[in-house]
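I'm opening my notebook for this one and going through it step by step. I'll start at the place where the chains meet, then look for empty space, then check some odd spots.

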Amino acid sequence: MTPQSRRALELVLDNLVWFMLLAVLAIFSATIPNYFQPGIFANIIEQSTVLGVMSIGLALVIIAGHMDLSVESVAALSAMAASMVFASSGIGLGVELTPGWLVVPASLALSLAVGAAVGLLNGYLVIKIKMNAFIVTLSSFIWVRGLVVALSGGRSAQNLADELRWLAIQRFLGLPLTAYIAIACFVGFSFMMAKTRYGRHLLMIGGNEAAAFRAGIKVDKVLMVAFLLSGTVAALAGWLLAIRTSGATANLGTGMLFNAFAAVVIGGVSLKGGVGALPGVYAGVLLLSAINTAINLMGLPAHFTQVIHGLLVLAAVLLDTLKQSIRKKLA
Amino acid sequence: MLQWGMVLLAGAAGMVNPAYSQEKGTVYYMVPTLLDEFQTGSVSALEMFLEQVGYEMTTLNADNKTDLQQSQMNDVITLAPKAIILAAVDFNALAPSVEAARAAGIPVIEFDRQISSTMSDFTSVAGTVEIGYVAAEQVERLLTEKNGAVKGKVLQVLGDPGDPYTLDIQKGFEEKMAAFPEVTIISQPATMWEASNAGTIVSDQLLANPDIDIVFSHAAHLSVAAVASLEAAGKQPGDVYVMSSNGAPVALQMIRDGWMQVEVEQPLYAQAAAVAMFMDKIVAKQPIEPGEYDVLGLKSVVTNEAWGPTIKIPGAAITADNVDDAAFWGNLQPPTEAVTPVP
């Protein structure tokens, strides 16, 4: 193999998920009526907003060699907290602030505080008490969702404050402002991972925690921040979810954890830690949204949609495995 | 000291549950989930009406898991309660548990979700298929109002495709709508009854089918997300008609706001009151006479079906004209008059 063709192949492998996304978009555009239109592509980006933000936090912890199963429940709790305070019907208290725009930072701060608290608790139990991250966050996944049910009594908080709904309704270049928040998160966290010392340390810890410790990296501190970020970013996802659905129900976000995992893995993050980049994760999220939109438009019998969704995700992960295999042969 | 502690604990328990000791015994209510307002409302309504006729009620939540509800049924059978009220997660999977309870001498009442594959002692339902029928009648009316004839496009947002409750509504709805060949029905499931899934379906379909006339979702909380998507797409109230089923408070609010045109109510209070009215007879294993009964002012009919005596209470269509009627459970004004047992 010539150096040029080898470089070309590596370029394809490094960005395989983006090529997969393009291929999927091309196939769906050619085969599904109404798929090829700017509105649908804007929808795909819009629908990836919540899942995308949630995937960022999950990816950070997985890259660090750990696990955070609580993100879905944290998002639900964050959405419920913001909605209970700033929604005006159901169990919403309809709190109004003066001036009105204060609702946005106040609800965001409330949501982020909720997520940060759970993230810190997860981090403390995993890092200081040395409990298994899988078990700790599985426990959080359960008790945090339970807290949502207990707080809400199973009822919903609806009619979110207009200042918050404005973020979902107001559009710029065809996309709602919430989509730009998600894109900004990906840009910011990608920069953090690629260009800052913290990002490099996170990758090193995920690759080999003992070696990172011997190299002088403050492993506990870095990991604690990763759990804190995961909880906080999941809470941001919940805040966006509440805005998207104009309130919160007790089952809001159910099932998102598995989609977030799928997006992270498709995006090239290794579940063993130490490998992965956030732009790939974003492509993974977009890929899932593209598939979901296609399923919505195909008018398939309801019972088959989950089967197809699952098989397409499996196919995407299979391609990723093939990529790893080719990469090994090249090495 | 220990004795004083126990006295205090007993006192505290009494304060936590004032209905601590009802003279007629304990009834267990197996609720499928506490994640939607109809179900949480059913717990408080059944508790209130059963207390009025002398029973204490304990509720077990199956969290939408069939196997968990089966285990709960097994556990409750060993406790030998006066009766079990079952709102089954899965209509067929719970049939053996119903048979086991009845074999142990415990009467089983089907609430809200009818099990027709085995005998039970009493069934109180609005009828999920019938909700679909009422919805179809309303679609017929709305399309005529909007398009001058029963023609157009309806987006039907189902709940989870694994939940027989939503499939029954779909069955009833599509059965009636088959009479109108000029109506196109697009059906998509909001998997796990999750609101944002419903929002996604609506925003996608609005692009693929911009001429959608009506969005009919199988639960009010799905309509909330549907309305959010309509709003995000620049629609005004009434541009696309919205309707759903179950009668939750949020739906009534959307009707008042003009976003929703129809909500098909499940008569929650009447369904629960009917259980309480017949509870003494059920516990005493006395026959329940077929015929017409007045349940909270609603004319309801008891029939002897192959699966046992069944009361069907009609679900009503809620519109802007009657949305403030206190009889609708979504207005959260429980009846003040106590129910009386059927002699």
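These are my entries, in the order I looked things up.

**Entry 1: what I'm looking at**

I note before anything else that this is a predicted model. I'll keep that in mind throughout.

**Entry 2: the contact between the chains**

I looked up who takes part in the contact. I got 36 residues from chain B and 41 residues from chain A. Next I wanted a size for it. The size of an interface is often given as the accessible area lost when the parts come together, so that is the number I went for. The area buried between chain B and chain A comes to about 3100 Å². Carbon and sulfur atoms give 54% of that.

Which three residues of chain B supply more of its buried area than any other three? I found L35(B), D204(B) and L207(B), with 19% of the area that chain B buries against chain A.

**Entry 3: polar links across the interface**

I checked for salt bridges here and the rule finds two between chain B and chain A. One of them joins E231(B) to R165(A), and their closest N and O atoms are 3.1 Å apart. I also looked up polar contacts, and there are 18 residue pairs of that kind across the interface, both residues at pLDDT 80 or more.

Then I asked myself which elements of chain B touch chain A with at least two residues each. My list has the helices α2 (37-52), α7 (195-208), α8 (220-232) and α9 (249-257), plus the strand β7 (183-189). Helix α7(B) has the largest share, with 10 residues. Sorting that side of chain B by class, I got 19 nonpolar, 11 polar and six charged residues.

**Entry 4: closed spaces**

Now for the gaps. Rolling a probe the size of a water molecule over the atoms shows where empty space is left. I found three cavities of 30 Å³ or more in the structure.

The largest cavity holds about 110 Å³ of space. What lines it? From chain A I wrote down E46(A), T49(A), V50(A), A168(A), P176(A), T178(A), L240(A) and R244(A), and from chain B A228(B), S229(B) and A232(B). Helices α3 (38-63) and α11 (219-245) of chain A and α8 of chain B each supply at least two residues of this lining. By class I have six nonpolar, three polar and two charged residues.

The second largest cavity has about 80 Å³ of space. It is lined by 13 residues, and the closest to its centre are S156(A), T249(A), D36(B), E37(B) and H221(B). This lining has five nonpolar, five polar and three charged residues.

**Entry 5: the largest pocket**

I moved on to the open spaces. The largest pocket has a volume of about 970 Å³. I found 36 residues lining this pocket, and those closest to its centre are T254(A), T33(B), L35(B), D63(B) and N64(B). I recognised L35(B) from my interface entry, where it was one of the three top suppliers of buried area on chain B.

The elements giving two or more residues to this lining are α6 (133-152) of chain A and α2 of chain B. Helix α6(A) gives the most, with five residues. The classes here are 12 nonpolar, 14 polar and 10 charged.

**Entry 6: a salt bridge inside chain A**

Over all chains I get 13 salt bridges. One that I looked up pairs R171(A) with E46(A), at 3.0 Å from N to O. Why does this pair tie together parts that are 125 residues apart in sequence? Because R171(A) lies in strand β3 (residues 171-172) of chain A, while E46(A) lies in helix α3 of chain A. I had already met E46(A) in the lining of the largest cavity.

**Entry 7: backbone oddities**

Last, I went through the backbone. The peptide bond from T98(A) to P99(A) is cis, with omega near -5°. I placed P99(A) in the loop between β1 (87-90) and α5 (103-128) of chain A. I also noted N159(A), which has a positive phi of about 65° although it is not a glycine. N159(A) sits in strand β2 (residues 157-160) of chain A.

Notes: Residues numbered from 1 in each chain as written. Chains lettered and ligands numbered in written order. Predicted model: local features only at pLDDT ≥ 70, side-chain atom pairs only at ≥ 80, totals over all residues. Heavy atoms only, no water. Contact = heavy atoms within 4.5 Å. Buried area = accessible area lost by both parts, 1.4 Å probe. Salt bridge = Lys/Arg side-chain N within 4 Å of Asp/Glu carboxyl O. Polar contact = N/O pair within 3.5 Å; in protein donor to acceptor, adjacent residues only side chain to side chain. Helix = DSSP H or I, 4+ residues; strand = E, 2+ residues; numbered from the N terminus. Nonpolar A, V, L, I, M, F, W, Y, C, P; charged D, E, K, R; others polar. 1 Å grid on protein atoms, 1.4 Å probe; cavity = no way out; pocket = protein on both sides within 12 Å on 5 of 7 lines; lining within 4 Å. Points joined across faces, edges and corners; volume = space filled by probe spheres on them.
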